[in-house]
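Let's take a walk through this structure together, starting from the inside and ending where the chains meet. Have the 3D view ready so you can turn it as you read.

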Amino acid sequence: MFRPTRFPPSLRQLTVARTSRGVASVTPKLPEYPHGNLPSSQSPITSTMHFFNSVMDSGKQIPTYRIIDGAGQPIEGAEVPELDRDFARNMYENMAQLPIIDDVLYNLQRQGRISFYITAYGEEAAVIGSAAALAPDDEVLAQYREAGVLLYRGFGIESLINQCYGTSLDSCTKGKQMPVHYSSKELHFHTISSPLATQIPQAAGVGFALKRDPSRRGKNCAVTYFGDGAASEGDFHAGMLLASTIPSPTLFIARNNGFAISTPSTEQYYGDGIAARGAGYGVHTIRVDGNDVLAVYSAVKEARRRCIEEGRAVLVETMTYRVGHHSTSDDSFAYRPRKEVEERKRLDNPLVRFRLFLELRGWWSKEEDDALKARIKADVHAAYKKAEALPRPPLSEMFTDVYGGEQPWNLRAQEKELKGLVRKYGRSWEPWKAELKKFKGEGKEWFD
Amino acid sequence: MYRSLRALSRTSRISRRWSSTQANPPPAGGHLPSIATSAFLKPTRDVSLRTPGLRWVDPVDTDPAHDMVGRETRKMNMYQAVRDALSIALSKDDTAVVFGEDVAFGGVFRCTMGLAEEFGRERIFNTPLTEQGIAGFGIGLASMGHTAIAEIQFADYIFPAFDQIVNEAAKFRFRSGGNYNAGKLTIRCPSMAVGHGALYHSQSPEGFFMGAAGVKIVIPRSPIQAKGLLLSAIRDPNPVIFMEPKILYRSSVEQVPIDDYELPLGKAEVLTRGNDLTLVSWGTPVYHCETALKMLSHPPQSIAEHVPASLRSAKVELIDLRTVLPWDVDTVIESVKRTGRLVVVHEASRTGGVGAEIGAEIQKQCFLKLNAPVKLVTGWDTPVPMVYEKFYVPDAIRILDAMMETMTY
């Protein structure tokens with residue numbers, strides 16, 4: 001920022017007035033420091049005109065924190081976090097189950113058995129590493145590619161699949177939202193919604209609520225996940241701003257996987273990623289190798305500690321690569337070469353990296369790996385078969401939960417209207433007749 | 001948002017001069033009511049305590065007739081009543097917080113005066129200047145079961161928060177199968193014309209939220225109403241947008257009960273009884289309606305020739321809707337079935353406005369009883385213009401003309 005060293009005479013008077021805080025009786029005097037500060041900053045005054053374009057020295061980018069390399073070996077100077085065998089194995093098992101669940105559900109969508117799905121291929125370490133670093137009752141506000149957090153907290157494959165099928169056992173949404181829009185109050189996982197980044201300022205509010213709650217203050221933080229694309233929304237700006245200005249223990253975890261649907265991150269921002277913005281908000285920030293589960297775990301653990309201790313926002317940017325398509329409605333080979341994706345999978349696979357690390361310590365073996373995968377596959381198959389046999393929730397659920405308390409007259413009237421139409425046509429109009437059979441009770445509550 | 005316009009709070013007192021309710025010279029039949037002299041404002045303790053629908057939150061006697069004993073009132077204008085409601089909500093609910101742009105020093109309309117001193121800066125605090133952030137932050141608090149009372153400085157600036165309100169707050173409960181809700185969120189915002197607010201300090205955006213199933217929209221007309229309805233809004237299990245007609249902040253003054261009381265949401269109030277025409281409005285135009293009714297029965301000399309003698313004894317039923325979403329269909333239907341005629345008055349522009357919704361529903365439910373088309377008296381389909389405001393707002397003369405046209409149809 002450029003400012004003249006010497007105030008022109010016309011401005012001098014103004015400066016004096018500010019330092020004297022408008023008290024008329026104080027004799028005006030020149031500022032104590034020859035250059036003085038500006039009222040809205042503590043910025044030192046310089047006579048050198050110097051533009052800058054990064055929080056780092058010119059030409060350098062914010063470094064990426066890494067612990068283990070592609071062969072599972074600690075890199076030079078890296079400090080491996082203290083982990084016991086069971087904890088490390090549990091992390092791996094959680095990571096390993098994600099692509100298996102994704103494979104099955106992705107294929108179920110391709111077969112038209114569920115309407116939509118989003119995989120987390122390539123981001124297993126970013127999701128599970130961070131989940132492992134959180135307390136089980138930290139409040140999580142996710143985007144949609146973080147089902148791993150729920151699974152890590154013990155949600156269970158069946159609950160996941162019930163939501164995707166919208167069955168009568170869907171405890172997340174009662175069949176009201178698209179697949180992968182999970183929620184669980186017991187597991188402190190707030191409802192996922194499709195509008196991007198809306199959860200980010202909400203997380204600041206959740207963080208503030210935690211700070212105001214004597215039973216959770218200093219114990220918990222709010223955690224919000226979002227992609228690099230979502231960080232372009234105004235809500236990202238608002239959320240960072242709020243959690244830093246109104247100090248709230250809120251942990252911001254950006255999954256920078258290089259793409260927002262077809263838009264590469266080069267078309268998403270011109271600066272040094274998401275991490276470079278953290279400093280602008282006065283927020284402690286770190287960039288971490290999102291394919292290195294140990295680095296993610298360590299960074300998020302420390303980030304969480306600072307977040308709670310200082311009661312302020314902290315930002316973690318995990319650098320990953322979206323190996324899968326954006327969703328089942330997307331063919332990513334329309335905008336990126338298949339070869340690039342295959343190479344990524346081969347060269348920098350978060351699962352392989354961590355498995356090699358475990359094997360080097362004698363904590364994991366090929367046999368165990370095969371057994372784990374077979375078990376998870378069997379679990380997923382059993383779960384989806386079960387879900388397929390389940391009916392949807394009762395049809396009358398369609399009108400519930402719009403309002404709390406008494407149902408307003410317009411909804412009552414509309415429910416009655418549809419009920420009348422279903423009675424009239426539900427047994428003869430084919431599209432309804434076929435559909436009604438899928439609901440619990442087959443809509444009988446409306447026929448009686 | 002535009003801080004230079006903070007001055008509005010100070011000038012709104014002056015703007016009363018420009019209010020249409022005082023536009024005409026005193027006629028032979030006596031002075032026309034202005035906001036300050038409105039018969040709908042309760043000048044004494046006894047009248048105030050008998051406010052219809054008033055429900056004490058801390059009853060001292062099970063018999064409502066005796067429950068008035070010992071209750072006190074104090075003369076307040078609307079911003080003081082809002083402040084009083086906030087103070088009660090804060091003192092009874094430790095989770096309640098008040099936040100928004102410039103609320104800590106008392107707010108640009110003084111609705112939060114002294115609250116920061118009374119309850120501390122942890123509970124009354126400024127936010128950065130971001131409406132989407134304010135709404136999102138409030139939703140986050142509410143989803144944790146905390147009472148979030150957010151302020152948007154002008155209703156005109158609620159649109160950056162539209163996504164958070166419509167896609168998030170309104171759908172929070174439904175989409176999570178009841179797991180989570182944003183019911184403890186209340187968003188207060190000054191709305192409606194103020195005499196000189198032009199495009200961005202005059203809007204009445206209630207109609208934009210009509211399709212946002214899951215939120216409620218409440219608009220009070222007076223200090224007693226503001227306090228009782230705001231306390232209900234804060235405690236309602238749904239997110240509520242509470243729009244305070246800013247011209248009434250200082251101009252409407254009445255005796256307000258000092259205790260904790262509520263007025264029901266979703267319930268209209270019948271202000272005058274009649275069998276010849278139903279007049280429905282909310283917020284500021286309620287007073288224009290009052291003036292128009294007086295002009296109908298006692299037309300000022302200057303316009304007397306336009307008011308047929310046969311209409312001067314007409315009995316008009318004036319209804320203050322108070323809650324716009326969900327609106328009180330039963331009260332309006334019952335009235336229109338008796339009167340056979342309906343005029344709806346609102347400041348927002350016509351197309352896509354709340355009046356269209358009411359007109360359609362009444363046409364559907366009262367078709368055989370209607371003796372004239374439902375008439376809407378609204379702002380025109382233009383932005384609210386600066387120097388033309390007097391010709392934009394649905395003032396008394398336009399309401400009078402609409403009533404006469406409907407009654408002579």
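In this predicted model, 17 residues line the largest cavity, and those nearest its centre are Asp102(A), Tyr117(A), Ala120(A), Ala147(A) and Gly148(A). Two elements of chain A, α2 (85-110) and α4 (147-152), each give two or more residues to this lining. The space inside comes to about 140 Å³. If you sort the lining of the largest cavity by class, you find 12 nonpolar, 2 polar and 3 charged residues.

The structure holds 5 cavities of 30 Å³ or more. For the second largest, turn to chain B: Ala169(B), Arg173(B), Gly214(B), Asn238(B) and Pro239(B) lie nearest its centre, out of 13 lining residues. Its volume is about 50 Å³, and its lining divides into 8 nonpolar, 4 polar and 1 charged.

Now go back to chain A and look for its sheet. Here 5 strands form an open sheet with parallel pairing, in the order β1-β2-β3-β7-β6. Why is one side of β1 (139-141) and of β6 (284-289) in chain A left without a neighbour in the sheet? Both strands stand at the edges and each has a single partner strand, so there is nothing beside them on the other side within the sheet. As you step from one strand to the next, the twist averages 20°.

It is worth zooming in on one edge. There, β1(A) pairs with β2 (residues 222-227) of chain A in the parallel sense, over 3 bridges. Within this pair, Leu141(A) stands opposite Thr224(A) of β2(A).

Next, see which helices pack on the sheet. Helix α3 (residues 124-133) of chain A touches β2, β3 (250-256) and β7 (314-319) of chain A, and its direction makes about 175° with that of β2(A). Helix α7 (residues 234-245) of chain A also packs on the sheet, touching β2, β3 and β7 of chain A. The direction of α7 makes about 150° with that of β3(A).

Finally, zoom out to see both chains. How many residues of each chain are in contact with the other? The count is 48 residues of chain B and 46 residues of chain A. The size of an interface is often given as the accessible area lost when the parts come together. Here chain B and chain A bury about 3700 Å² between them, with 61% of it on carbon and sulfur atoms. On the chain B side, keep an eye on Phe174(B), Arg175(B) and Tyr180(B): they supply 19% of the area that chain B buries against chain A, more than any other three residues.

Key. Residues are numbered from 1 along each chain as its sequence is written. Chains are lettered from A and ligands numbered from 1 in the order in which they are written. This is a predicted model: local features need pLDDT of at least 70, side-chain atom pairs count only at pLDDT 80 or more; totals for chains, interfaces and linings use all residues. Side-chain values use heavy atoms; hydrogens and water are left out. On a 1 Å grid over the protein atoms alone, a cavity is a set of points where a 1.4 Å probe fits but cannot get out, and a pocket is an open set with protein on both sides within 12 Å along at least five of seven lines; lining residues have an atom within 4 Å of a point. Grid points are joined across faces, edges and corners, and a volume is the space filled by probe spheres set on the points. Helices (H or I, at least four residues) and strands (E, at least two) are DSSP runs, numbered from the N terminus. Ala, Val, Leu, Ile, Met, Phe, Trp, Tyr, Cys and Pro count as nonpolar, Asp, Glu, Lys and Arg as charged, and the others, Gly among them, as polar. Two strands pair if DSSP finds at least two bridges between them. Axes are lines fitted to C-alpha atoms, for helices over the stretch in contact, and angles run from 0 to 180 degrees between N-to-C directions. Contact means heavy atoms within 4.5 Å. Buried area is the accessible area (1.4 Å probe) that two parts lose on being put together, summed over both.
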